[in-house]
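Subject: Handing over the model, with notes on what was found

Dear colleague,

Please find below the structure I said I would pass on. My notes follow it, and I would be glad if you read them with the coordinates open beside you.

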Amino acid sequence: MLSGAFEFCRDTPVDQLSMPRLAAFLDVGVTSIYWYYKSKRDLLDAMTEEALAAFYESMPPLRAGGWEDMLRGFFDDCYAALAADDLTCDLIVRRIGGATRQDAVAAWPRAAELLDGLREAGFPPSLAWHAFITLAAYTRGFLLTEQPAEAPPASARRPAVTAAAAPPAATRTAATAPTAATARVSAAALASEPEPSGPVAGPPGEFAFGITNIILGLRSLLPQEAHDREVA
């Protein structure tokens, strides 16, 4: 049932998903869907969880180097994963709620590694978490500005995920950080032909510019002894 919902959303924007239309697509009765999911909200939550699981597994190891390189590389990889597929980006970036530090660490081992790496670099635990949620929220906000105001026609949408093999998606903690930086960019033009799925070439210059400025702000908050260690 879940894989059928992903397949249906290849040609239908998530906002237009309805149980009767999905039932017609799957050639089953509507009651068959409600046997598994009590509501459309439950179905979307299940799809989001599936996309999240694939995203968590897809993130590469932390990059070597100082804390700045580690942070920049981590969120460059997050951006690439989110931007690689329209459906998973829509499912997670638009709908996901905030997470506590404990929730993020429990759900996402790579996030735990990043926070540990920041603490080893001299970040107090509260500043490490501040850095994480700020950059996560910035990444989410940047991607939202790139989303078209209206869903593209089916022929222009990139292939969506399936429940069995979902490509990368977004991060759970990126939704509600009050300290998020924002960036304004033009929506990326969609090609007239379907694009192959897979990683994008890399984050645009505007995204990198915002990351750089957030890192500069974090540098000013870092205790002097940790900053001296980084310079050395």
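In which loop is aspartate 27 found? The answer is the loop between helix 2 (19–26) and helix 3 (30–36), and I begin with this residue on account of its backbone. Aspartate 27 has a positive phi of about 60 degrees, although the residue is not a glycine. In general, most residues other than glycine have a negative phi. The side of the question that concerns solvent is settled by the relative accessibility of aspartate 27, which is 70%, so that the residue counts as exposed.

Before going further I should say that this is a predicted model, and that its confidence varies along the chain. The average pLDDT of the protein is 75, and 69% of the residues score at least 70. Confidence is highest in helix 10 (residues 205–221), with a mean of 94, and lowest in helix 11 (residues 224–231), where the mean is 55. Over residues 151–200 the pLDDT is below 50, and this stretch nevertheless has 119 contacts in the model beyond near neighbours in sequence. I would ask you to keep that stretch in mind when reading the totals that follow.

As for the overall architecture, the secondary structure comes to eleven helices and zero strands, and the pattern along the sequence is accordingly written α-α-α-α-α-α-α-α-α-α-α. Of the 232 residues, 46% count as buried. Among contacts between residues at least 6 apart in sequence, 82% join residues at least 24 apart.

Three helix pairs deserve a description, and two of them share helix 5.

Helix 5 (residues 67–83) packs with helix 8 (residues 109–120) at an angle of about 160 degrees, the two axes being 10 Å apart. An angle over 145 degrees counts as roughly antiparallel, and helix 5 and helix 8 are therefore roughly antiparallel to each other. The crossing in which helix 5 passes helix 8 is left-handed. On the helix 5 side the contact involves Trp67, Met70, Leu71, Phe74 and Phe75, which meet Arg110, Ala111, Leu114, Gly117 and Leu118 in helix 8. Sorted by class, this contact has eight nonpolar residues, one polar and one charged.

Helix 5 also packs with helix 10, where the axes come within 11 Å and cross at roughly 145 degrees, and here the crossing is right-handed. From helix 5, the residues Trp67, Glu68, Leu71, Arg72, Phe75, Asp76 and Tyr79 meet Phe207, Ala208, Ile211, Thr212, Ile215, Leu218 and Arg219 of helix 10. By class, the contact of helix 5 with helix 10 has nine nonpolar, one polar and four charged residues. Trp67, Leu71 and Phe75 of helix 5 are listed in the contact with helix 8 and also in the contact with helix 10.

The third pair is helix 4 (residues 40–58) with helix 6 (residues 86–93), whose axes come within 9 Å and cross at roughly 115 degrees, which makes helix 4 roughly perpendicular to helix 6. Their crossing is left-handed. Leu44, Met47, Thr48, Ala51 and Leu52 of helix 4 make the contact together with Thr88, Leu91 and Ile92 of helix 6, and by class these residues divide into six nonpolar, two polar and no charged.

Finally, here are a few single residues that you may wish to locate. Threonine 12, in the loop between helix 1 (2–8) and helix 2, has a relative accessibility of 8% and so counts as buried; its C-alpha atom is separated by 9.8 Å from that of leucine 22, ten residues apart along the chain. Glutamate 206 lies in helix 10 and is partly exposed, with a relative accessible area of 46%. Glutamate 206 and phenylalanine 142 are 64 residues apart in sequence, while their C-alpha atoms are 9.1 Å apart in space. Glutamine 224, found in helix 11, counts as partly exposed at 48% relative accessibility, and its C-alpha atom is separated by 9.3 Å from that of glycine 122, 102 residues apart along the chain. Please read that last distance with the mean pLDDT of 55 for helix 11 in mind.

With best regards

Conventions: Residues numbered from 1 in each chain as written. Predicted model: local features only at pLDDT ≥ 70, side-chain atom pairs only at ≥ 80, totals over all residues. Heavy atoms only, no water. Axes fitted to C-alpha atoms, helices over the stretch in contact; angles between N-to-C directions. Helix = DSSP H or I, 4+ residues; strand = E, 2+ residues; numbered from the N terminus. Parallel < 35°, antiparallel > 145°, perpendicular 65-115°, else oblique. Left-handed = near helix turned anticlockwise from the far one by under 90°. Contact = heavy atoms within 4.5 Å. Nonpolar A, V, L, I, M, F, W, Y, C, P; charged D, E, K, R; others polar. pLDDT = per-residue confidence, 0-100. Buried < 20%, exposed > 50% of the residue type's maximum accessible area, 1.4 Å probe, protein only.
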